Amino acid sequence: MLNQLDKAADAAHTFFLANPEHMEVQQDIENYKTTAGKVNLVDREAKPHMENYLSGVRHYDKEEYHMAIDFLEQALRDYTVADTECRILCEGPQRFEEYEYLDYKATLYEAIAEHYMQVLVCQHECVRELATRPGRLSPIDNYLPLHYDFLQFSYYRVGDYVKALECARSYLLFHPDDEDVLDNESYYESLLEGSEAVTFLRRHKLEGYLLRTGAAGLGFLYIEPSYWSVSGARQDENRIPSGVQSDQADISGRPMGKRTMPKVDRELREGGPLLFEDVKLVYNSEQLNGTQRVLLDNVISEAECQELHRIANFGFEGRVPLQSARLFYDVSEKARKIVESYFMLNSTLYFSYTHLVCRTALAGQQEKRNDLSHPIHADNCLLDPEANECWKEPPAYTFRDYSALLYMNSDFEGGDFIFTEMDAKTASIKPKCGRMISFSSGGENPHGVKAVTKGQRCAVALWFTLNPLYRELERIQADEVIAALDQEHFGPRELDINPKDEL
């Protein structure tokens, strides 16, 4: 015990930023403040390039464009330093994991090639590393290009058209077909005289080519990740400036673009297509006495229920047959598409967390039981019945937007799903194979689960988010595996894989 409370507070603060649901650490921080007096909390894992980027975006949102430029330009300089450091750290010893499971002995030249392939993979992945905030699972989509997108408009607003054009063209190196920024390019009056983005992108593309070529030579497949998608573009109404004297400028003089980036539309809408012929609408929100609720049947077949039920009971050791893993992947993706379509969302719905869950009756007296195996709660906020509020703050998973439960069986007693208001039940649902209940995750939909009194109830539990920062890491990894399998048309026959082979 060193009694260094300021450092202890910093350590606790750093941990809490990455784990905001950890209430004990939050209490520890308050205790340190009380004991040590005034404490200036420092995030020990803060990344300078990320902190400056986020500060620049905050100033941009406040229309403080000079400050935004200063922070964003510093963020780019810090990014170059961080990228160099990341790549240097990749230069150490590497393990070529592709051959670990084989009795494989490489020649000298093969060993050298394998080592540098691993170094190259590590360096290529620096893009993901630098775009991921401490404690987060997913990188910020389109992270590096966004610097140039914010900068091009900021420079435009302060009247520096040469720098605006330079940044617009730097952005176009990543997205050469972006029509909005192409329009900006034609408007800004100057020529681009070199850019760090040119060097960076040329190197990154060359690395990708070398990885694909080397992988083919060594007998395995390399799938190039997509870190810079146009869907991650800066989203604000000023993305496309027009000319200062343009007819499109409004009466306040603010330049207006040809297209406004859509905001997340959270108007309560439902009734979109169910996409799959066999899926049947049972009850809508009105029939379930609430808002943003839907009950569907026939989402999956009896055979699919049985297989999912089987792996729910026997797949917890991490060894799941290839075909069963693919079934779970496809079924959860089917559920996501249905939810996104039915609630008529105008932006992509991402997986936040997915798992198979079973609840089994406890041994002993079951008569007249009316307790809940899962208490009444909301999925993205903290219910406060006394205040008639649902507080959207940690430890709630505030980033969750929609939820779904896909049931696998009905051979049990109890286990009904219930919707409530703060003080009364509004709807009750009896699970059965292929039935799915889905709803928005906020305080408008408090819910719980009655205790199972006989047998075992199993379901696929799914939570979705509209914020790509909170995408489920395991799902991203699964997407990459499935993409590799589909690209090569992998299947039991082509690969001579036994359907019982395990992932």
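These legends go with a handful of close-up views of a predicted model.

**View 1. The disulfides across the whole structure.** Before zooming in, here's the big picture: a search of the whole structure turns up five disulfides. A disulfide is a covalent bond between the sulfur atoms of two cysteines. If you count the bonded cysteines along the chain, the pairing goes 1-4, 2-3, 5-9, 6-10, 7-8. The next three views each pick out one of these links.

**View 2. Cys86 meets Cys126.** Here the two sulfurs sit 2.1 Å from each other in a disulfide. Cys86 belongs to helix H4 (residues 65–89) and Cys126 to helix H6 (residues 126–130), so this pair ties together parts that are 40 residues apart in sequence. Look at the twist about the S-S bond: at -95°, the link of Cys86 and Cys126 is left-handed. Are these two cysteines buried or exposed? Both Cys86 and Cys126 turn out to be buried.

**View 3. Cys358 and Cys458, a link between two strands.** This disulfide has an S to S distance of 2.0 Å. One end, Cys358, is in strand E3 (residues 350–360), and the other, Cys458, is in strand E13 (residues 452–465), so the bond ties together parts that are 100 residues apart in sequence. The angle about the S-S bond is 110°, making the link of Cys358 and Cys458 right-handed. The two ends differ in how much surface they show: Cys358 is partly exposed, with a relative accessible area of 24%, whereas Cys458 is buried at 0%.

**View 4. The Cys381 to Cys390 disulfide.** The sulfur atoms of Cys381 and Cys390 are 2.0 Å apart. With 95° about the S-S bond, this link is right-handed. Cys381 has a relative accessibility of 6%, so it counts as buried. Cys390, at 18%, counts as buried too, because the cut-off for that word is under 20%.

**View 5. A quick look at Cys167.** What does this cysteine's relative accessibility come to? For Cys167 the value is 4%, so it counts as buried.

**View 6. Leu210 and its contacts from elsewhere in the chain.** Now we leave the cysteines for a leucine in helix H10, which covers residues 196–218. Leu210 comes out at 41% relative accessibility, so it counts as partly exposed. Which residues does Leu210 contact, leaving aside its neighbours within four places in sequence? They are Met117 and Leu120. Val121 can be picked out here as well: its C-alpha atom is 9.9 Å from that of Leu210, though the two residues are 89 apart along the chain.

Notes: Residues numbered from 1 in each chain as written. Predicted model: local features only at pLDDT ≥ 70, side-chain atom pairs only at ≥ 80, totals over all residues. Heavy atoms only, no water. Helix = DSSP H or I, 4+ residues; strand = E, 2+ residues; numbered from the N terminus. Buried < 20%, exposed > 50% of the residue type's maximum accessible area, 1.4 Å probe, protein only. Contact = heavy atoms within 4.5 Å. Disulfide = S-S within 2.5 Å.
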